[in-house]
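Hi there,

Here's the structure I promised to pass on to you. Have a look at it first, then read my notes below.

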Amino acid sequence: MTMQDGTFYRAVAAAKNGAYAATLQRPLAGSVVALKPVDASPETATMLTGWRTQNPDAHLTKFAATPQRTLGWLHEQVVENRGRILFLITFGGASVGHIGLTDYDASNNSAHMADTMRGVAAGPRPVMEAAARMLISWAFEETGIDSLWTGVFSDNYRAINFFERCMMLTVGSAPMSRHDTEDGWYWAEADDDAAALSQRHHNTMQLTSERFNGLAAGWFDQLVEGVHH
């Protein structure tokens with residue numbers, strides 16, 4: 001393990017233990033938006049299952065989601081995975097969505113900003129952007145990464161606009177093909193023969209530490225100032 005590896009994994013472990021609770025919250029529209037590490041409780045599993053079921057087209061996979069299946073995923077793929085963290089986004093203490101960090105790549109010292117979803121429409125419009133900006137700031141300031149990336153379908157213009165407001169740039173696009181399964185489907189990058197018949201494209205968007213460090217100081221405060229109370 002390199003020093004960079006260790007910094008990332010230590011920061012994720014500390015965040016899971018609540019070490020950054022005081023810094024992962026900001027005032028917004030007369031209340032507070034915060035990032036709280038997800039737990040693997042039946043209540044959380046039921047809530048996340050409902051959110052995923054309501055937003056099937058936002059994912060690369062679709063399947064018959066159940067609270068039991070989600071609970072197993074939370075235990076095995078999130079809570080017990082040292083390289084992954086998922087935060088619940090809360091506004092005024094109520095959970096409104098989630099966002100996370102995963103897929104650390106030591107070869108280029110990068111990580112994947114994943115699982116960005118608004119589950120309910122509570123709170124002001126910029127609550128998700130505020131949460132994403134907090135996660136981005138924490139990732140660059142605490143985990144030691146050099147770049148952060150995310151994936152989004154090229155026809156999801158709302159999501160692309162959202163990530164662009166978070167200072168991410170499109171750096172690639174891959175043709176995708178949908179494959180049906182017994183209880184849903186999954187999207188995978190199309191091979192050369194199928195690329196011309198591709199149904200959709202999946203964009204990679206990226207923010208580098210150099211670009212992040214060049215942002216004007218107080219970029220979160222600028223967001224807050226634009227919110228009407």
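What follows is a quick tour, from the whole chain down to one pair of helices.

Keep in mind that this is a predicted model. The protein chain holds eight helices and 10 strands. Of its 229 residues, 44% count as buried. If you take the contacts with a separation of 6 or more, 68% of them come from residues 24 or more positions apart.

Now for the inside. The largest nonpolar core is made of 44 residues, and L35, F87 and W138 have the most contacts within it. Helix α4 (residues 127-142) is the top contributor, giving 11 residues to this core. Try clicking on F87: leaving out residues up to four places away in sequence, F87 touches a whole list of others, including L24, L35, V38, I99, L135 and W138. There's also another core lying apart from the largest one, with 10 residues, among them L74, L86, L88 and M117.

Next, the helix pair. How do α2 and α3 pack against each other? Helix α2 (residues 42-54) and helix α3 (residues 67-79) meet at an angle of about 115 degrees, and their axes are 8 Å apart. That angle makes α2 roughly perpendicular to α3. The crossing of α2 past α3 is right-handed. On the α2 side, P42, T44, A45, T46, L48 and T49 make the contact, while α3 brings P67, T70, L71, W73 and L74. Sorted by class, this contact has seven nonpolar residues, four polar ones and no charged ones. You've met L74 already: L74 also belongs to the 10-residue core.

Have fun exploring!

Methods. Residues numbered from 1 in each chain as written. Predicted model: local features only at pLDDT ≥ 70, side-chain atom pairs only at ≥ 80, totals over all residues. Heavy atoms only, no water. Axes fitted to C-alpha atoms, helices over the stretch in contact; angles between N-to-C directions. Helix = DSSP H or I, 4+ residues; strand = E, 2+ residues; numbered from the N terminus. Parallel < 35°, antiparallel > 145°, perpendicular 65-115°, else oblique. Left-handed = near helix turned anticlockwise from the far one by under 90°. Contact = heavy atoms within 4.5 Å. Nonpolar A, V, L, I, M, F, W, Y, C, P; charged D, E, K, R; others polar. Core = buried A, V, L, I, M, F, W, Y, C linked by side-chain atoms within 4.5 Å. Buried < 20%, exposed > 50% of the residue type's maximum accessible area, 1.4 Å probe, protein only.
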